[in-house]
Amino acid sequence: MHIDEIVNGIVIDHIAAGKSMEIYKLLNLDQLECSVAIIKNVNSKKMGKKDIIKIDEALDVNLDALGYIDNGITINTIENGVKTNKRHCELPERIVNVVKCKNPRCITSVEQEIDHVFKLTDRENKIYRCIYCEMKAKN
Amino acid sequence: MKDLIDILDLSIPEIDKLIEVANDIIENPENYREKCKYKKLATLFFEPSTRTRLSFEAAMYELGGNVLGFSEAQSSSAAKGESVSDTVRTVEAYADIIAMRHPKEGAPTVAAAKTQIPIINAGDGGHNHPTQTLTDLLTIKREVGRLDNLTIGLCGDLKFGRTVHSLIQAMVRYDNIKFIMISPKELKLPEYLINEVLVKKNIEFVETESLEESMPELDILYMTRVQKERFFNEADYVRLKDTYILTPDKLEHAKPTMRVLHPLPRVNEISVEVDKDERACYFRQAKNGKYIRMALILKLLGIE
């Protein structure tokens with residue numbers, strides 16, 4: 001399978017196999033005019049299988065959101081056909097408007113225009129809790 | 001610290017200081033009669049609660065301040081669909097401090113983020129009720145003389161009882177605390193509190209269904225009501241509500257220095273005959289609630 005090399009844009013690499021569509025939706029990539037390639041189940045020495053997303057446009061991505069979904073992801077910036085920057089995602093301390101609180105008793109279920117904020121409460125087990133009601137975030 | 005939303009917003013030294021001030025208020029009330037002169041407390045109760053609201057109002061009046069507010073959502077603009085954010089922004093123009101009860105969890109957190117004046121969480125759904133926990137801590141300290149080296153029995157509804165959850169969070173910060181959780185298996189303490197608080201902090205605890213067997217060991221017995229409003233099914237409520245009723249004969253096996261606490265209101269889980277026993281301190285506890293709220297208002301207004 002052949003996918004054109006990017007001249008100016010970003011490559012989101014080392015996505016756990018099967019998670020690319022989640023990231024596509026989260027980053028609202030459907031709203032971009034440029035070419036976007038989702039490559040699924042690519043063979044990887046390190047991961048066995050992985051997904052890759054290539055975006056043919058320079059774009060500021062929400063690193064916190066990516067880190068929340070999968071902190072193994074790397075983001076490569078391509079300028080004039082050359083990789084100029086490689087960033088690793090980390091588990092963010094806070095995520096804002098990435099996931100919604102599903103607790104029907106939470107104030108976020110009725111109060112309009114407030115941010116849905118979750119904070120990392122257990123790094124080892126990757127547990128995030130709503131800052132309002134402390135309900136665990138569900139993927 | 002601008003607000004009190006969660007008991008863990010307060011450090012141990014801050015709690016010690018509040019207890020010290022509350023004790024001083026009890027001993028020298030005349031020194032505090034004008035401390036909040038010309039200050040106004042707004043009690044915003046989007047959900048009815050007689051004793052918490054009256055306790056806050058009595059606290060402010062005893063400090064020489066004034067009180068305004070509402071006691072149910074129906075008599076506020078929330079009934080017209082106003083958001084919490086807009087309500088508190090408006091009230092901020094009229095009051096110096098807000099005590100707020102709301103049926104939705106986290107509502108006081110929203111209020112705190114939207115205002116410059118202090119917000120006190122007076123209960124947000126089944127979530128937090130930090131001034132009740134402060135009341136419990138002041139009561140234990142006054143009745144037993146210490147907040148460490150205690151065996152605490154928690155009895156009744158440990159699943160939905162927010163006062164129990166907050167008390168556990170507060171007490172695990174002190175040395176050598178042991179909990180005995182006494183409840184029917186349907187109302188046991190939630191798993192997350194066991195795993196994320198008790199096990200994680202290496203706190204000794206026992207789960208049992210027997211109040212009688214636990215009694216001789218206890219320094220504190222914290223009784224709770226099985227709350228009808230937390231059940232979806234009337235039959236479950238009826239089946240569980242009479243599981244534990246504290247009577248004078250059960251107290252015979254308790255230490256003479258043991259103390260019985262209850263956040264009130266009680267239904268029938270403590271027989272009225274127990275009230276005469278010196279160990280029953282729930283009405284003294286209710287009184288302490290006013291004093292610790294006075295200390296808290298002073299702290300948050302920067303007066304003490």
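**Chain B: a parallel sheet and its surroundings**

Chain B contains 11 helices and nine strands. Please bear in mind throughout that this is a predicted model.

I shall begin with the overall dimensions. Along the principal axes, the C-alpha atoms of chain B occupy a box of roughly 55 × 45 × 40 Å. For 304 residues, a compact globule would be expected to have a radius of gyration near 19 Å, and the 19 Å of chain B agrees with that. Of these 304 residues, 56% are buried. Considering the contacts in chain B with a separation of 6 or more, 73% are between residues 24 or more positions apart.

I turn now to the sheet. Four strands of chain B form an open sheet in the order 2-1-3-4, and the pairing is parallel. Strand 2, residues 66–70, and strand 4 of chain B are at the edges; each has a single partner strand, so one side of each lacks a neighbour in the sheet. From one strand to the next, the twist averages 15°.

Let us take the pairings in turn. Strand 1 of chain B, residues 40–45, pairs with strand 2 of chain B in the parallel sense over five bridges. Within this pairing, B:A42 is opposite B:L68 of strand 2. Strand 3 of chain B, residues 97–102, is joined to strand 4 of chain B by four bridges, and these two strands also run parallel. Here B:A99 is opposite B:I120 of strand 4.

How are strand 3 and strand 4 of chain B connected with helix 4 of chain B? Together, the two strands and helix 4, residues 107–114, make a right-handed β-α-β unit. Helix 3 of chain B, residues 84–91, lies across strand 1 and strand 3, and its direction is at about 155° to that of strand 3.

Strand 4 deserves a second remark. Although strand 4 of chain B stands at an edge of the sheet, six of its six residues, 119–124, are buried, so this strand is largely enclosed by the rest of the structure.

Finally, I come to helix 7 of chain B, residues 191–199. Which residues of helix 7 are buried? They are B:L193, B:I194, B:V197 and B:L198. These four lie on the same side of helix 7, because they cover an arc of only 115° around the axis. The buried residues of helix 7 pack against three elements of chain B: helix 6 (162–171), strand 6 (177–182) and strand 7 (204–208).

Methods. Residues numbered from 1 in each chain as written. Chains lettered and ligands numbered in written order. Predicted model: local features only at pLDDT ≥ 70, side-chain atom pairs only at ≥ 80, totals over all residues. Heavy atoms only, no water. Buried < 20%, exposed > 50% of the residue type's maximum accessible area, 1.4 Å probe, protein only. Arc of directions from axis to C-beta. Contact = heavy atoms within 4.5 Å. Pairing = 2+ DSSP bridges. Right-handed = clockwise from strand over helix to strand, strands pointing away. Axes fitted to C-alpha atoms, helices over the stretch in contact; angles between N-to-C directions. Rg over C-alpha atoms; globule rule 2.2 N^0.38 Å.
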